[in-house]
Amino acid sequence: MQVAMGMSEQSDPKEDQSVVCHEIGHMVDEMCSFSFSKEGAAVLAQYSAEEIAQGLSRYATASPQECVAEAIAEVFSNPSPRKISAEIYEKIRETNITSE
Ligand SMILES: [Zn+2]
């Protein structure tokens with residue numbers, strides 16, 4: 001896990017934002033227990049490591065938790081998220097409809 005604080009040098013606001021979004025991604029994942037669930041594992045199993053590396057990020061291939069955090073981070077920080085992150089985020093919403 002990356003440390004979000006203490007990154008004042010080489011501070012690129014966009015970069016900081018995506019680190020924060022990544023950490024929020026972990027929190028959302030933990031709240032929903034998505035990457036630990038059978039449903040979550042099935043969603044992630046649709047993609048090969050190469051697809052995730054190309055369509056999301058290389059870091060996302062590290063573990064299911066990093067994959068979900070990266071997907072959520074992309075959806076939160078990118079107005080037009082790519083296919084994999086949009087699909088993963090959609091599944092998280094579908095499997096965790098507790099409010100609305
Ligand atoms: Zn992480």
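## Close-up views of a five-helix model

**View 1. Helix α1 has a buried face.** Within α1, the residues H22, G25, V28 and D29 are buried. A residue is called buried if 20 or more other C-beta atoms lie within 10 Å of its own, exposed if 12 or fewer do, and partly exposed in between, with C-beta atoms placed from the backbone. Because the buried residues of α1 fall within an arc of 125 degrees when seen down its axis, they line one face of the helix; the arc is taken over the directions from the helix axis to the C-beta atoms. The model is predicted, so local features require a pLDDT of at least 70 and side-chain atom pairs count only at pLDDT 80 or more, while totals for chains, interfaces and linings use all residues. Residue numbers start from 1 along each chain as its sequence is written. The exposed residues P13, M27 and M31 sit on the face of α1 turned away from its buried side. Among the elements that cover the buried residues of α1 is α4. With 20 residues, α1 reaches 28 Å from its first C-alpha to its last, close to the 28 Å expected at 1.5 Å a residue; the expected span is 1.5 Å times one less than the number of residues.

**View 2. The whole chain is built from helices, without strands.** The protein has five helices and zero strands, and from the N terminus on its elements run α-α-α-α-α. Helices (H or I, at least four residues) and strands (E, at least two) are DSSP runs, numbered from the N terminus. Of the 100 residues of the protein, 29% count as buried. Among contacts between residues at least 6 apart in sequence, 53% join residues at least 24 apart; a contact means that the C-beta atoms of two residues, placed from the backbone, lie within 7 Å.

**View 3. S33 lies in the loop between α1 and α2.** Just after α1, S33 takes a positive phi of about 50 degrees, and S33 is a residue other than glycine. S33 counts as exposed because 12 other C-beta atoms lie within 10 Å.

**View 4. The largest nonpolar core has 19 residues.** A nonpolar core is a set of buried Ala, Val, Leu, Ile, Met, Phe, Trp, Tyr and Cys residues joined through C-beta atoms within 7 Å. In this core, C67, V68, A71, I72 and I88 touch the most other members. At least two residues of the core come from each of α2 (38-44), α4 (64-77) and α5 (83-95). Helix α4 contributes the most, with seven residues. When residues up to four places away in sequence are not counted, V68 touches G25, D29, F34, S35 and I88. In soluble globular proteins, nonpolar side chains tend to be buried together.

**View 5. The buried residues of α5 share one side of the helix.** Which residues of α5 are buried? They are I84, S85, I88, Y89 and I92. These residues cover an arc of only 125 degrees around the axis, which puts them on the same side of α5. The buried residues of α5 pack against α1 (13-32), α2, α3 (49-55) and α4. K83, R93 and E94 are exposed on the face of α5 turned away from its buried side. Helix α5 has 13 residues and reaches 18 Å from its first C-alpha to its last, close to the 18 Å expected at 1.5 Å a residue.

**View 6. Helices α4 and α5 cross at roughly 100 degrees.** Their axes come within 8 Å of each other. The axes are lines fitted to C-alpha atoms, for helices over the stretch in contact, and angles run from 0 to 180 degrees between N-to-C directions. The crossing makes α4 roughly perpendicular to α5, a term for angles of 65 to 115 degrees; under 35 counts as roughly parallel, over 145 as roughly antiparallel and the rest as oblique. In the contact, V68, A71, I72, E74 and V75 in α4 meet I84, S85, A86, I88 and Y89 in α5.

**View 7. N78 is found in the loop between α4 and α5.** N78 is partly exposed because 13 other C-beta atoms lie within 10 Å. N78 and S18 are 60 residues apart in sequence and 9.3 Å apart in space, C-alpha to C-alpha.

**View 8. G55 belongs to helix α3.** G55 is partly exposed, with 17 other C-beta atoms within 10 Å. Leaving aside its neighbours within four places in sequence, G55 is in contact with R82, K83 and I84. G55 and A71 lie 16 residues apart in sequence and 9.9 Å apart in space, C-alpha to C-alpha.
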